[in-house]
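Trainee: I would like to learn how to read a structure like this one, feature by feature. Where do we begin?

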2 protein chains.
Amino acid sequence: MQSKWWGWGDPSKRFPLEQSPRFWPFLEAQIGPLAEQPTRPVSREEIALPEPRLTPDDRTALQMIVGREGLALDASERLHHAYGKSYRDLVRLRRGEVPHPPDAVLFPRTPDEVQRVLDLASARGWAVIPFGGGTSVVGGVEVPPHLADRLFLSMDLARLNRVLEVDAVSLTARIEAGILGPDLEAALQAQGVTLGHYPQSFEFSTLGGWVATRSAGQQSNKYGKIEDMVAGLKLATPSGPLAVKTLPARATGPDLNQLVVGSEGTFGIITEVTVRVHAIPARRDVRGVLLPSFERGVDLIRTLVQEGLKPAVARLSDTAETDFQMAMRKPPANAIQAMLETLAKKTLMRGPAAASPSRCMLILGYEGSQMDVVASWERAREVIREHEGLNVGSAPGASWLRHRFELPYLRDTMLDHGVMVDTFETSAPWSRLMDLYEGIRKATQDALERDAGRGSVMCHLSHAYHDGASLYFTFAARQTEDALAQWHAVKRAATDAILAGGGALSHHHAVGLDHAPWMPQEVGETGLLALNGIKQALDPNGCMNPGKLMAHDGAATRPVG
Amino acid sequence: MQSKWWGWGDPSKRFPLEQSPRFWPFLEAQIGPLAEQPTRPVSREEIALPEPRLTPDDRTALQMIVGREGLALDASERLHHAYGKSYRDLVRLRRGEVPHPPDAVLFPRTPDEVQRVLDLASARGWAVIPFGGGTSVVGGVEVPPHLADRLFLSMDLARLNRVLEVDAVSLTARIEAGILGPDLEAALQAQGVTLGHYPQSFEFSTLGGWVATRSAGQQSNKYGKIEDMVAGLKLATPSGPLAVKTLPARATGPDLNQLVVGSEGTFGIITEVTVRVHAIPARRDVRGVLLPSFERGVDLIRTLVQEGLKPAVARLSDTAETDFQMAMRKPPANAIQAMLETLAKKTLMRGPAAASPSRCMLILGYEGSQMDVVASWERAREVIREHEGLNVGSAPGASWLRHRFELPYLRDTMLDHGVMVDTFETSAPWSRLMDLYEGIRKATQDALERDAGRGSVMCHLSHAYHDGASLYFTFAARQTEDALAQWHAVKRAATDAILAGGGALSHHHAVGLDHAPWMPQEVGETGLLALNGIKQALDPNGCMNPGKLMAHDGAATRPVG
């Protein structure tokens with residue numbers, strides 16, 4: 001299935017807003033009145049793409065490698081591969097603004113075909129953009145406008161989609177990079193194991209994309225970020241193939257796996273990854289816990305993690321996001337149900353957490369053996385009590401699990417109604433986390449109000465480590481006339497606040513085109529020198545995803561938008 | 001305290017062999033009769049070092065940076081910094097063979113002084129070898145003979161030895177790189193935390209050295225290898241300082257921390273590291289467990305680790321090493337004690353593990369909260385039973401903890417008696433571990449016998465991961481006439497067997513000079529290209545520890561010895 005060209009995911013799916021009648025009133029109370037009549041994207045037929053710039057000889061040479069059906073020049077494929085799925089991408093797509101699609105889309109069948117295309121591209125001076133699921137939200141798969149005079153190929157790895165080998169003793173699996181999340185888990189679980197990597201994009205993103213961007217899944221507390229899961233890999237580069245041996249640990253120079261993880265296609269194309277997998281957990285127990293404040297919740301998660309009681313899921317919404325979730329809840333279907341809910345609330349929802357105006361919802365879950373889950377929850381309950389938390393049962397956990405991949409669909413509906421909505425994320429040591437949170441929230445809110453008069457910012461903590469955690473922000477406002485300039489001003493204010501507070505430029509969305517201007521500040525001039533040194537060695541002609549990640553061509557530091 | 005110039009550690013210490021009267025008979029039964037008269041190293045006065053090649057202007061320029069007392073040109077310091085502590089090093093030192101000492105030894109006081117020395121060295125074309133504790137066993141700190149026409153400086157970081165900051169909330173500590181293990185733990189434990197990193201060299205090695213070589217401590221199962229502990233760092237390079245932000249996780253390109261960890265001084269000099277620390281465990285419980293075979297022991301450890309029951313210590317000796325340990329035990333002091341021991345053995349030591357001729361000793365330990373340790377041991381006991389293991393109590397655990405840093409002293413005594421003794425290590429996925437073990441053991445045994453007629457090889461598994469483990473080998477034979485050629489033949493056979501079996505070229509000793517010839521095979525030509533790309537960017541004039549790690553000068557691939 002090809003996903004929506006103008007929005008998120010399955011074209012036949014919509015976010016089930018009819019179950020949340022309080023959503024629009026809640027949103028309008030936050031950001032102001034919205035137009036009643038939705039606006040729709042332009043029709044695909046209205047979008048005229050520039051002609052592909054491949055000569056007949058170029059086409060023949062490529063077809064010799066990937067076969068006739070492996071080279072697509074049609075408008076549909078080129079449009080589909082022109083952008084990722086960021087707010088900025090969808091704004092442009094809905095308007096039909098696609099001035100720089102890739103000249104062609106390739107569908108190689110083997111790592112060898114990938115390698116041969118790179119050899120050809122390097123020889124002919126073409127640029128190549130690796131394409132997995134195309135869900136980048138940082139401009140990772142688009143042709144950078146300032147480099148658009150070059151011929152660009154999009155290399156779609158959809159056909160490298162097999163689980164090649166499961167080592168049930170070592171608990172590793174060798175898997176082709178183009179496999180989508182659901183196919184990967186289906187194949188692994190059929191053999192009794194799981195990767196346990198569930199980013200929000202899970203249904204439409206690929207293993208290779210996760211590795212290239214340093215992705216984090218929603219159970220990262222237990223299974224790690226993707227960089228922790230990689231035991232070996234294969235990368236095709238213009239300087240030849242790189243194969244990193246599958247090993248549990250080594251002392252043979254800087255870890256080449258970690259040199260590839262996060263390289264965002266700028267060194268080469270990941271064709272195969274050997275990942276660490278796990279026995280399918282016998283039990284999962286995910287519950288809702290109400291905390292009297294965000295700060296108490298942060299402290300609770302820190303205590304659990306530093307004690308070694310790592311939850312599989314620990315997702316703490318701040319008060320604004322908790323209010324949003326409450327507004328999204330299905331109202332009682334009838335008077336009896338309403339009465340029962342009120343009664344339950346009166347009986348159960350007592351104590352500081354329920355009464356606090358700054359209450360925050362935490363989704364906390366353990367998974368593993370029956371015994372482990374019971375023991376972990378036993379100790380967790382004590383820590384929750386110490387933090388004046390209120391266990392509100394498994395309904396919020398079940399609801400979150402059921403709907404966790406659906407929110408991106410809501411964005412499409414909000415765009416229909418003229419709402420700017422986007423997310424960004426960071427990470428920091430525990431000791432700086434609350435200051436960083438406040439700094440970012442204020443800077444983002446101020447930026448929203450400067451342009452749109454009003455706006456809404458909410459946040460959750462969703463990945464916790466021994467020494468710190470990530471913060472994930474969502475912001476919304478009414479679109480103003482120049483929607484991209486509006487977005488860019490907010491993005492700049494938020495990102496400047498992140499760096500001022502010592503946060504990571506990105507925790508799991510990666511750098512792409514959108515964050516590249518801040519990379520000199522994030523990793524320093526010497527850090528960029530080092531990354532460019534690898535680039536120079538593996539891709540001397542600068543074919544691989546130019547303009548992304550680092551300003552290796554001196555041009556990616558210009559402002560985006 | 002300056003360590004022995006010709007051997008291991010504290011000059012006033014010897015391995016207490018008088019407590020092990022069965023040691024020499026056991027060893028001679030294994031490798032043949034040894035000379036009764038020990039040979040001693042040459043006296044220091046007999047060693048004539050070549051004159052330092054610094055001009056008066058060079059000296060002045062260096063003294064302007066590090067002060068008069070920061071520049072040492074005397075024979076004692078230059079000798080002390082000429083080699084690491086490998087068998088090959090000690091053989092040469094004992095003979096007084098020091099043809100290529102560094103021209104000078106520097107003792108910078110600040111990261112800025114380190115940076116300025118590198119700037120000067122880069123401008124004048126000098127080579128710089130970073131020096132921490134000088135305990136490298138792979139030739140990491142010596143002047144490579146084939147590059148000895150260059151002027152070499154040894155940069156000793158002994159004066160950068162402070163714990164700068166402990167963040168008790170984030171559980172991180174910012175520490176200067178030159179600090180020795182005991183000083184580091186003393187300073188941290190005074191603030192209630194521990195790093196938990198105890199390599200065998202702990203007493204004489206430094207934080208910077210651990211990071212530069214990807215060191216592993218004896219509690220790595222719980223606390224991780226050093227690469228897992230690094231949250232941020234500072235590196236002085238000839239292209240300028242690199243500061244990696246302290247963060248729990250990030251998605252901003254390849255992890256620059258991991259690009260520095262394992263770089264073995266070839267990119268620059270690590271001046272500061274922010275590490276993840278831990279609350280001091282309330283309880284530690286280390287016991288001996290006898291297994292009926294090495295294979296059953298390996299399976300036991302794998303089961304524990306993959307179930308998430310990570311022991312702090314899991315050190316499984318093969319049968320040969322178990323026999324060695326038995327021979328090292330203090331005999332009963334009198335007839336009554338002997339009778340009691342026999343009685344205890346008869347009562348306790350029953351079952352397949354005690355009776356098996358291939359029995360193996362496992363040192364298994366948990367540490368953490370009282371509750372965790374009890375719960376972990378409870379489940380571990382079940383797994384031990386399933387593997388026909390026999391819990392032999394805490395005496396072997398206590399003995400191992402007491403003596404764990406002492407074995408290197410025994411090597412000096414063995415060298416006195418003409419014994420070649422060395423160690424090497426590797427790692428592999430669980431599914432390949434037993435085949436790798438057998439392959440290495442056979443290749444090493446054969447190589448020992450080819451030259452010396454007889455020899456002894458023993459092994460333990462000491463670092464266990466979800467997907468594999470490390471193997472640590474010790475081999476011994478009588479020295480033959482050309483001791484270095486003898487050693488080199490065994491080293492080559494063992495290393496070839498490691499690579500043939502898919503093992504890591506090194507798990508925690510690093511590459512240095514000794515393993516560099518195998519690096520093209522280990523990481524591939526493209527892998528070396530990538531590493532050299534970083535080198536080229538950070539150290540364009542090739543000043544930093546040339547000849548080590550990678551064959552960036554095209555010369556490190558020549559055989560060592």
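Mentor: We will take the sheet, then the symmetry and interface, then the salt bridges. Keep in mind that this is a predicted model.

Trainee: In what order do the four strands of the open sheet in chain A lie?

Mentor: The order in space need not follow the numbering, as this sheet shows: it runs β1-β2-β4-β3 in chain A, with mixed pairing. The edges are β1 (71–72) and β3 (127–131) of chain A, each of which pairs on one side only.

Trainee: In which sense do β1(A) and β2 of chain A pair, and over how many bridges?

Mentor: They are antiparallel, with two bridges between β1(A) and β2 (residues 104–106) of chain A. As a register mark, A:L71 is opposite A:L106 of β2(A).

Trainee: Which strands does helix α5 of chain A lie across?

Mentor: Helix α5 (residues 111–124) lies across β2, β3 and β4 (152–156) of chain A. To read its direction, use the angle to β4(A), which is about 170°.

Trainee: Now chain B. Is strand β3 of chain B buried or exposed?

Mentor: Go residue by residue and apply the cut-off: buried means under 20% relative accessible area. Five of the five residues of β3 (residues 127–131) of chain B are buried, so the rest of the structure largely encloses this strand. Then check the faces: B:A127, B:I129 and B:F131 are buried on one side, and B:V128 and B:P130 are buried on the other.

Trainee: Which strand do five bridges join to β3(B)?

Mentor: That is β4 (residues 152–156) of chain B, and the two run parallel. Within this pair, B:V128 stands opposite B:L153 of β4(B).

Trainee: What operation superposes chain B on chain A?

Mentor: Look at the angle and the shift together: here they are a rotation of 180° and 0.0 Å along the axis, with an RMSD of 0.1 Å. The two copies are therefore related as by a two-fold rotation axis. In chain B, the C-alpha of B:G533 is the nearest to that axis, at 2.3 Å. Both copies use the same surface, as 100% of the contact residues of chain B recur in chain A.

Trainee: How many residues are in contact between the chains, and what area is buried?

Mentor: The contact involves 79 residues of chain B and 79 residues of chain A. About 5,400 Å² is buried between them, and carbon and sulfur atoms give 63% of that area.

Trainee: How many salt bridges are found across the interface of chain B and chain A?

Mentor: Six are found there. One salt bridge joins the side chains of B:K245 and A:E522, at 2.8 Å from N to O. Over all chains the count is 70.

Trainee: Which parts of chain A does the pair of A:R53 and A:D103 tie together?

Mentor: Start with the pair itself, a salt bridge of 2.9 Å from N to O. A:R53 is in the loop between α1 (23–31) and α2 (56–66), and A:D103 is in the loop between α4 (87–95) and β2 of chain A, so the pair ties parts 50 residues apart in sequence. For the setting, A:R53 is partly exposed at 40% relative accessible area, whereas A:D103 is buried at 2%.

Trainee: Which residues of chain A are linked in a network of salt bridges?

Mentor: They are A:R88, A:D89, A:R92, A:E142 and A:D514.

Technical notes:
Residues numbered from 1 in each chain as written. Chains lettered and ligands numbered in written order. Predicted model: local features only at pLDDT ≥ 70, side-chain atom pairs only at ≥ 80, totals over all residues. Heavy atoms only, no water. Pairing = 2+ DSSP bridges. Contact = heavy atoms within 4.5 Å. Axes fitted to C-alpha atoms, helices over the stretch in contact; angles between N-to-C directions. Least-squares fit on C-alpha atoms with pLDDT ≥ 70 in both. Buried < 20%, exposed > 50% of the residue type's maximum accessible area, 1.4 Å probe, protein only. Buried area = accessible area lost by both parts, 1.4 Å probe. Salt bridge = Lys/Arg side-chain N within 4 Å of Asp/Glu carboxyl O.
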